[in-house]
Amino acid sequence: MQSLDIPLISVPGILPKRIALLKKECAIETVGDLLQYYPFRYVDRTRFYTIKEINEELPYIQLIGKIEQVRLIGQKQKQRLSVLLRDKTGTIELVWFQGIKYIQDRLKPGADFIVFGKPSSFNGAWNMAHPELELYSEEKAARASKLQPVYSGTEAMKRARLDSKAISLLIQQVLRWCEGNIPETLPASIRNMLSLIPLHQAFVDIHNPKSAEELSKAEIRLKFEELFFLQLRLIQSNRINKQAIKGFPFTKIGEAFNSFYANQLPFELTNAQKRVIKEIRSDVAKPSQMNRLLQGDVGSGKTIVAFMSMLMAIDNGFQACLMAPTEILAQQHFAGLQPFAEAIGLKIALLTGSVKKKARKPIHEELLSGELHILVGTHALLEDKVAFHNLGLVVIDEQHRFGVAQRARMWAKNTLPPHVLIMSATPIPRTLAMTLYGDLDISVIDELPPGRKPIQTRHIYDKDRIGMFNFIQQQIELGRQIYIVYPLIEESEQLDYKNLVDGFDHLSAVFPPPKYHLSIVHGRLSAEDKDYEMQRFIKKQTQIMVATTVIEVGVNVPNASVMVIESAERFGLSQLHQLRGRVGRGADQSYCILMTGFKLSKDARTRLETMVETNDGFKIAEVDLRLRGPGDLQGTQQSGTMDLRIADISRDSKLLIYCRELASKVLESDPELNMEEHQPIRLKLHALQQKHLNWGRIS
Ligand code: ADP
Ligand code: MG
């Protein structure tokens with residue numbers, strides 16, 4: 001066994017209690033887990049400051065000075081210990097509220113002390129609360145001259161005295177124990193080419209850097225380690241999937257596709273749509289399963305691409321299905337596709353949770369007999385009762401709403417797995433897509449159909465609400481319709497619900513009947529009521545739709561030209577972008593109005609400014625990634641690939657791209673990693689693959 005895989009239990013001298021705690025709180029079980037528990041920041045102890053140098057900006061600093069004055073101030077319960085520290089340039093007050101006795105015993109007036117803490121100012125004088133305090137000696141001053149690691153920890157760890165300092169000591173102990181026994185994972189050729197330090201050295205230095213330069217070299221090596229092996233793993237599993245997972249080859253383009261293309265297609269395809277259809281076409285023609293992610297901004301025309309892919313399946317004697325995350329979306333897809341399908345003589349049906357039992361029976365039968373060509377629906381399609389005669393293509397819309405396990409169930413609906421096309425309107429930056437979906441192929445529609453007027457976005461403060469009302473009134477006069485969306489993050493949040501209802505009441509008073517009519521849709525309504533309200537809006541019986549984010553995905557009412565988002569600061573960027581995408585679907589100029597109060601966090605401001613600045617979903621996704629980090633992006637938690645401890649795919653995107661290129665070069669030259677110099681790579685990759693076995697098959 002390699003030393004990194006050895007359980008901590010086997011390392012002599014670690015308390016079993018601590019081992020249990022590390023496992024419970026941080027999932028740390030092996031030597032490798034612990035060594036990869038990297039400091040989240042470092043405290044600069046490489047230099048001493050003078051008191052005169054202190055300013056507001058400084059983080060933790062260290063000073064050297066003499067103790068001048070020791071005073072106990074205040075009554076018993078609220079006592080504080082005040083100590084004056086003086087160096088050649090001035091004085092600073094050191095204050096303790098707790099552990100006073102302990103500190104008092106250690107204070108030696110007149111002696112030099114090393115003091116470490118965060119300065120702050122009060123009434124124009126500097127002070128430092130609860131600093132670390134050490135009697136000065138040259139030896140100590142030298143030992144302190146380094147970047148001191150700071151480790152995060154949970155409350156339970158702190159209670160058990162496993163604080164940052166204790167973790168640091170533990171890691172040092174383990175490092176001493178495996179001295180010289182951490183195997184190198186990269187061949188010398190790669191290390192030399194990139195001037196990477198040995199892995200063992202990197203572990204030592206990251207936990208105990210003597211200088212900023214040493215730290216930076218260790219960081220680069222460890223980031224490289226994560227990204228390079230992640231890419232190797234993804235590229236290899238993609239290759240293996242392609243070879244191993246057989247699929248049905250759709251060899252020909254036939255009657256359905258050709259007659260639709262020639263006679264029914266209502267518009268000229270954009271170049272991006274054409275390119276993507278070609279990519280899909282070449283994929284499904286092969287005898288292995290297609291697993292393709294189709295990315296395209298809201299309104300870029302993914303549906304027609306999906307439909308034409310379905311026609312490829314049908315032309316080869318297969319059935320196709322389209323699965324949407326919500327009832328409303330499924331209905332819309334069905335309503336949109338039905339005329340296309342029927343115009344070329346294909347049979348299409350809708351299956352959702354609310355389709356009655358009686359109506360389901362013929363659908364089940366026709367699916368099984370093969371009479372039904374296309375089935376559109378929701379999660380209901382996953383049920384075992386839904387069996388196909390010969391399913392060849394599964395299209396999944398808005399993929400992040402479906403779990404990996406659910407997708408796997410669709411695989412099982414034919415003897416060989418059907419081809420899978422996943423459509424996502426949440427654009428993902430290229431670097432993230434590479435890591436997240438490294439084992440999917442990706443197609444991108446990066447062009448909107450011609451003639452679209454870019455949506456104009458404005459940020460308005462709540463106090464200017466009257467102006468917003470005037471504006472939507474004008475739009476209604478022009479015959480347009482309006483969405484007003486309220487946050488309802490948790491459907492159960494009482495307060496949000498109240499805001500929504502209050503908002504609705506207020507609007508009803510400003511826009512009263514008989515001239516105006518309002519719809520309201522939220523998560524507490526039954527599916528039937530939701531649908532009834534939606535239909536009234538679609539049929540233009542109401543001018544304003546007051547809703548929660550249930551309308552976020554896919555709803556298509558081309559006549560709606562204004563999207564008002566209430567408490568916009570509470571929405572994430574990708575959600576704001578999705579909501580905005582509900583307008584701008586018709587010929588009219590459309591608007592998005594972001595309503596907020598005055599008090600906004602820095603991040604909230606950045607989100608709002610980004611929305612006002614750009615309509616480009618990919619740019620928005622880049623900002624989102626930067627603000628939130630990849631762990632928070634939709635769909636990333638379940639992917640199982642984001643096992644990154646030190647690399648950051650947003651900040652380290654250049655290194656990531658480099659690693660991807662290098663990884664694919666290595667695998668191209670030596671697919672099985674048989675070459676002598678690739679043996680260390682092979683060993684590490686093998687260990688990683690064992691860990692990720694469960695994820696290889698699906699996605
Ligand atoms: P999304 O990618 O968001 O799912 P849709 O497929 O719903 O987008 O397309 C948005 C609208 O654009 C639809 O009304 C669709 O008919 C229209 N559309 C799609 N492709 C084109 C095109 N090439 N030219 C003109 N309109 C198009
Ligand atoms: Mg869509």
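Mentor: Let's start with a definition: two residues are in contact when heavy atoms of theirs lie within 4.5 Å. Keep in mind that this is a predicted model.

Trainee: Okay, so what share of the contacts between residues at least 6 apart in sequence join residues at least 24 apart?

Mentor: In this protein chain, 73% of them do.

Trainee: And how many helices and strands does the protein chain have?

Mentor: You'll find 25 helices and 22 strands. The C-alpha atoms fill a box of roughly 95 × 75 × 45 Å along the principal axes.

Trainee: How do I read "buried", and what percentage of the residues are buried here?

Mentor: Buried means under 20% relative accessible area. Of the 699 residues in the protein chain, 51% fall in that group. As for the surface, the chain exposes about 33000 Å², and carbon and sulfur atoms supply 53% of that.

Trainee: Now the ligand. Which residues are closest to ligand 1?

Mentor: Glu268, Gly299, Lys302, Thr303 and Arg452, out of 15 residues that surround ligand 1. Sorted by kind, the shell has four nonpolar, six polar and five charged residues.

Trainee: Where should I look for polar contacts with ligand 1?

Mentor: A polar contact is a pair of N or O atoms within 3.5 Å. Try the backbone: an oxygen atom of ligand 1 sits 2.6 Å from a polar backbone atom of Gly299, and for Gly301 the distance from a ligand oxygen to a polar backbone atom is 3.1 Å. Then check the side chain of Lys302, where an N or O atom is 2.8 Å from an oxygen atom of ligand 1.

Trainee: And how much of ligand 1 does the protein bury?

Mentor: Taken alone, ligand 1 exposes 570 Å², and the protein buries 76% of that.

Key. Residues are numbered from 1 along each chain as its sequence is written. Chains are lettered from A and ligands numbered from 1 in the order in which they are written. This is a predicted model: local features need pLDDT of at least 70, side-chain atom pairs count only at pLDDT 80 or more; totals for chains, interfaces and linings use all residues. Side-chain values use heavy atoms; hydrogens and water are left out. A residue is near a molecule or strand if one of its heavy atoms lies within 4 Å of it. A polar contact is a pair of N or O atoms within 3.5 Å; within protein, one must be able to donate a hydrogen and the other to accept it, and residues adjacent in sequence count only if both atoms are side-chain atoms. Accessible areas come from the Shrake-Rupley method with a 1.4 Å probe; for residues, only the protein chains shown count as cover. Ala, Val, Leu, Ile, Met, Phe, Trp, Tyr, Cys and Pro count as nonpolar, Asp, Glu, Lys and Arg as charged, and the others, Gly among them, as polar. Helices (H or I, at least four residues) and strands (E, at least two) are DSSP runs, numbered from the N terminus. Buried means under 20% relative accessible area, exposed over 50%, partly exposed in between (1.4 Å probe, protein chains only).
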